[in-house]
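Let's take a walk through this structure together. Please keep the sequence and the model open while you read.

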Amino acid sequence: MSRLSKGYKAASKYMNCFLSPLLTVVAKNLAFFAGSLLAVLIALTIYDEDVLAVEHVLTSITLLGVCVTVCRSFIPDKNMVFCPEQLLRIILAHIHYMPDHWQGNAHRYETRDQFSQLFQYKAVFILEELLSPVVTPIILIFCLRRKSLEIIDFFRNFTVEVVGVGDMCSFAQMDIRQHGHPAWMSEGKTEASIYQQAEDGKTELSLMHFAITNPQWQPPRETTHFISQLKERGPQRGYRDFYRNTPSLNI
């Protein structure tokens, strides 16, 4: 959640890049008419405060004010210049997640739809929260029931006991020997089967990010060798080329 919070401002600007022109026109007209009526009612109220005593006047002022506020949120700034690719890179620096097909396609609505699963609109979030008590039991009964054995197998196969910590997911140990991917410079150093390998090199990327943010950390021997090899290859190929050739950025 902390990563998502740091990328919230850039994510809001990115989502605002996709405002519908038709919706903008409708919002401008509604804001104009609602604002006109609101201005008249406020002027009458200033001229004679007894106007507030008229039935539904105060309610009308409140609703018109809300309508103007909502409509203005759909009207973009004329002088604002949006750069979807740059905004997506800023967000990437915080959340460390970017599938391959997002690169160069930040301006597409397909990318926006997938991105909105990470940063939901508040209205969608509230609606899901209201419907979740009804929808969740249906999903558990009809959709996840057939996968219950797979879920139990995952907990049984990937739960380890750590002294002083207790039971935890083995992927959280960032052990490239158990969960490394051969395509991520772990070839010959990993004993993981296809079932045990983390998707898209998540183990290696998580390890790299943790080592960078915690320079005083003393990793195990296999991990130290992997990080040293990465540092040696970094200047030769350039970290930019290394990231470009990786399946996706999931840290």
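The paragraphs below go from the whole chain to two helices, the cores and the aromatic rings.

A word on the ground rules: this is a predicted model, in which local features need pLDDT of at least 70 and side-chain atom pairs count only at pLDDT 80 or more, while totals for chains, interfaces and linings use all residues. Residues are numbered from 1 along each chain as its sequence is written, and side-chain values use heavy atoms, with hydrogens and water left out.

Let's begin with the overall view. The protein has twelve helices and four strands, both taken as DSSP runs numbered from the N terminus (helices H or I with at least four residues, strands E with at least two). Of its 251 residues, 27% count as buried; here buried means under 20% relative accessible area, exposed over 50%, and partly exposed in between, with a 1.4 Å probe and protein chains only. About 17700 Å² of the protein is exposed, and carbon and sulfur atoms supply 62% of that area, as computed by the Shrake-Rupley method with a 1.4 Å probe. If we take contacts (heavy atoms within 4.5 Å) with a separation of 6 or more, residues 24 or more positions apart account for 58% of them.

Now turn to helix α4, residues 57-73. Its 17 residues reach 25 Å from first C-alpha to last, close to the 24 Å expected at 1.5 Å a residue; the expected span is 1.5 Å times one less than the number of residues. Which residues of α4 are buried? They are V57, I61, L64, V68 and C71. These residues cover an arc of only 100° around the axis, which puts them on the same side of α4; the arc is that of the directions from the helix axis to the C-beta atoms. What covers them includes α3 (21-47), whereas the face turned away from the buried side carries the exposed residues L58, L63 and T69.

Helix α5 (84-95) can be read in a similar way. It has twelve residues and reaches 16 Å between its first and last C-alpha, close to the expected 16 Å. P84, L87, L88, I91, L92 and I95 are buried in α5, and they lie on the same side of the helix because their arc around the axis is only 145°. On the face turned away from that side sit the exposed residues R89 and A93. Just after α5, H96 takes a positive phi of about 55°.

From α5 we can step into the largest nonpolar core. Such a core is a set of buried Ala, Val, Leu, Ile, Met, Phe, Trp, Tyr and Cys residues joined through side-chain atoms within 4.5 Å. Of the 15 residues in this one, Y14, L88, I91, F115 and F119 touch the most other members. The elements that give two or more residues to it are α2 (8-16) and α5, with α5 giving the most, five residues. Leaving aside neighbours within four places in sequence, F115 is in contact with A11, Y14, M15, L88, I91 and W102. A second, separate core of nine residues includes M208, A211, F226 and I227.

Finally, the aromatic rings. The whole structure holds nine aromatic pairs, where rings of Phe, Tyr and Trp (its six-membered ring) pair if their centres lie within 6.5 Å, and planes under 30 degrees apart count as stacked, over 60 as edge-to-face and the rest as tilted. The ring centres of F154 and F155 are 6.3 Å apart and their planes are at 80°, so this pair is edge-to-face. F154 counts as partly exposed at 35% relative accessibility, and F155 as exposed at 54%. Together with F158, F171 and Y195, these two residues form one aromatic cluster.
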